[in-house]
Amino acid sequence: MKKSLIAAWMLIAVVFALGLMGLAGRSIFPNTQKEKITVPDPGVSDSSVSIRVKIGDTVQKMNLDSYVQGVLRAEMPASFELEALKAQAVAARTETLYKVENGPVANHPDADICNNINCCQAYKTEEDAQAAWGENADYYSAKIATAVRETDGMTILYQDKPILAAFFSAASGQTNNSGDVWINDLPYLQSVQSPEGENEVPNYYSIATFSQEEFKSTFLSQFPEADFSGSANTWFGAPTRNDSDMVLSISIGGVTVKGTQVRSLFALRSAAFTVAAEDGNIVFHVTGYGHGVGMSQYGANTMAQQGKTYLEILEWYYTGVTVAPYTPKTLASDN
C-alpha cells in the first residue's frame, strides 16, 4: 500500500515538473514584452500626404504616417490588441482627412489640425511615449508603426467622403446616437451595442461625491434660477434616458438640464449616471467613460480579443460606412 502511494506521488511530481517545463517558454506571469514585430516600411499613401499640425503654439509640417503614429501613441494604450490599434489608426487618419477637407477651424486657421483634445486629437512624440513605456518601449513603438502602416491610406467613408470619426473610451453597454450628444444626428454615428464591461474597463463604474453646499454652489453658478430651498431628496426629478442609459435630460432644482451639461459641470466620466442625496451628500453613480459617440476603444479591444478584424470593428461602430483607400483632395503642400 505504501509503495503504491509513493509511486502515485512520484508520478504526480513528474507530471507537475513537466508542466512547469512546458511553461518555461511562456511565463505564468503576464508578459507585455511580446515577440519581435517586423515593421513594414512607411506606406506610400500616408507618406505622400503632408499636413500642418499645431502642437501647443507651434505649427509643424509632417506627413500623415508620422502624425497618425503620434495620435495613436496618445489616444490608445499600446498594450491593446493590434487589430484594435489598427481600428484606432484608421479612425485617426479619417478624422484628420475630414478636418483637412473641411477646412481649418477658427481655433487654428494656420493649421489643418491641432493637439487640443477639445478641438481635434491628442498627439504624443515618440520620445515622450518611449519614456512612459519603459522596458516595453521598442516593442510598443514597433506595434504602433505596424498598426499605422498595415492600414496605409485606409479611411472610413460615407458616400465616398471621410467621416467625422468620433471615438471615446468605454460605453455603458451601448453607444449613443450623435444627435443625443451633439446638435447634428449623423447617419453613420448611430447607437450600437458595445461588448466591454467592468471586467475589461478600469473604473467602469465610478462614484462622484459632493457636499450639498458644493453641489448647490456649482449648479447655481451655471443655473442661478434653480431652487434648492427644500430637502435634498426633492431636488431631482426622474431623468429621461436613451437606450444606452445616457441621461438626456433631468430636472435639478426645478430646472431641466441636459445630461451632457451635468456631466461637464461636475466632471463626470460619462452622462450615464444616477444622482441622489445620500448621507448628507449628493452622489453620482456613473457607468462608462466618454461622450459615447462612435467607436468605443475598450469595445474595440474586446472585439479584437474575440477575433474580430479592424475592418469588422470599424464597420460595426460606424453605421453604413465603407473602409477603403482614399486620396485626399486637398494636401498641405497646396495650401
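This is a short walk through a predicted model, from its overall make-up to its strands, one helix and two pockets.

Start with the whole protein. It holds 11 helices and 14 strands. Of its 335 residues, 45% are buried. Here buried means under 20% relative accessible area. Now take the contacts between residues at least 6 apart in sequence. Of these, 67% join residues at least 24 apart.

Next, find strand β12, residues 281-287. Five of its seven residues are buried, so the rest of the structure largely encloses this strand. Which strands pair with β12? One is β7, residues 205-211, which runs antiparallel to β12 and is joined to it by seven bridges. To see this pairing on screen, look for Y205, which stands opposite T287 in β12. Another partner is β11, residues 273-278. The pairing of β11 with β12 is also antiparallel, over six bridges. Here A276 stands opposite V283 of β12. β11 and β12 form a hairpin, with two residues between the strands. In that turn, D279 has a positive phi of about 50°.

Move to another group of strands. β8, β9 and β10 make an open sheet of three strands, in the order β8-β9-β10. The pairing is antiparallel. The edges are β8 (240-241) and β10 (255-258). Each edge strand has a single partner, so one of its sides has no neighbour in the sheet. Strand β9 covers residues 247-252, and four bridges join it to β10. One bridge pair to look for is I252 with V255, the latter in β10. As a general point, side chains in a regular strand alternate between the two faces of the sheet.

Now turn to a helix. α11 spans residues 310-317. Which of its residues are buried? They are Y310, I313, L314 and Y317. These four cover an arc of only 95° around the axis, which means they lie on the same side of α11. The spacing fits a general rule. An α-helix has 3.6 residues a turn, so residues three or four places apart point the same way. What covers the buried residues of α11? The cover includes helices α4 and α10, along with strands β4 (154-158), β13 (295-296) and β14 (322-325).

Finally, look at the open spaces. The largest pocket contains about 1,200 Å³ of space. Its lining has 35 residues. Nearest its centre lie I117, F167, F168, G290 and H291. Several elements each supply at least two lining residues: α3 (64-75), α4 (82-101), β6 (167-168), α9 (259-265) and α10 (297-305). α9 gives the most, with three residues. By type, the lining of this pocket has 21 nonpolar residues, 10 polar and four charged.

The second largest pocket has a volume of about 190 Å³. Its lining is made of L97, Y98, E101, N102, Y158, K161, P162, I163, L186 and Y188. Helix α4 and strand β5 (161-162) each supply at least two of these residues. The largest share, three residues, comes from α4. Seven residues in the lining of this pocket are nonpolar, one is polar and two are charged.

Note where α4 turns up along the way. It helps to cover the buried residues of α11. It supplies at least two residues to the lining of the largest pocket. It also gives three residues to the lining of the second largest pocket.

How values were computed
Residues are numbered from 1 along each chain as its sequence is written. This is a predicted model: local features need pLDDT of at least 70, side-chain atom pairs count only at pLDDT 80 or more; totals for chains, interfaces and linings use all residues. Side-chain values use heavy atoms; hydrogens and water are left out. Two strands pair if DSSP finds at least two bridges between them. On a 1 Å grid over the protein atoms alone, a cavity is a set of points where a 1.4 Å probe fits but cannot get out, and a pocket is an open set with protein on both sides within 12 Å along at least five of seven lines; lining residues have an atom within 4 Å of a point. Grid points are joined across faces, edges and corners, and a volume is the space filled by probe spheres set on the points. Ala, Val, Leu, Ile, Met, Phe, Trp, Tyr, Cys and Pro count as nonpolar, Asp, Glu, Lys and Arg as charged, and the others, Gly among them, as polar. Buried means under 20% relative accessible area, exposed over 50%, partly exposed in between (1.4 Å probe, protein chains only). The arc is that of the directions from the helix axis to the C-beta atoms. Contact means heavy atoms within 4.5 Å.
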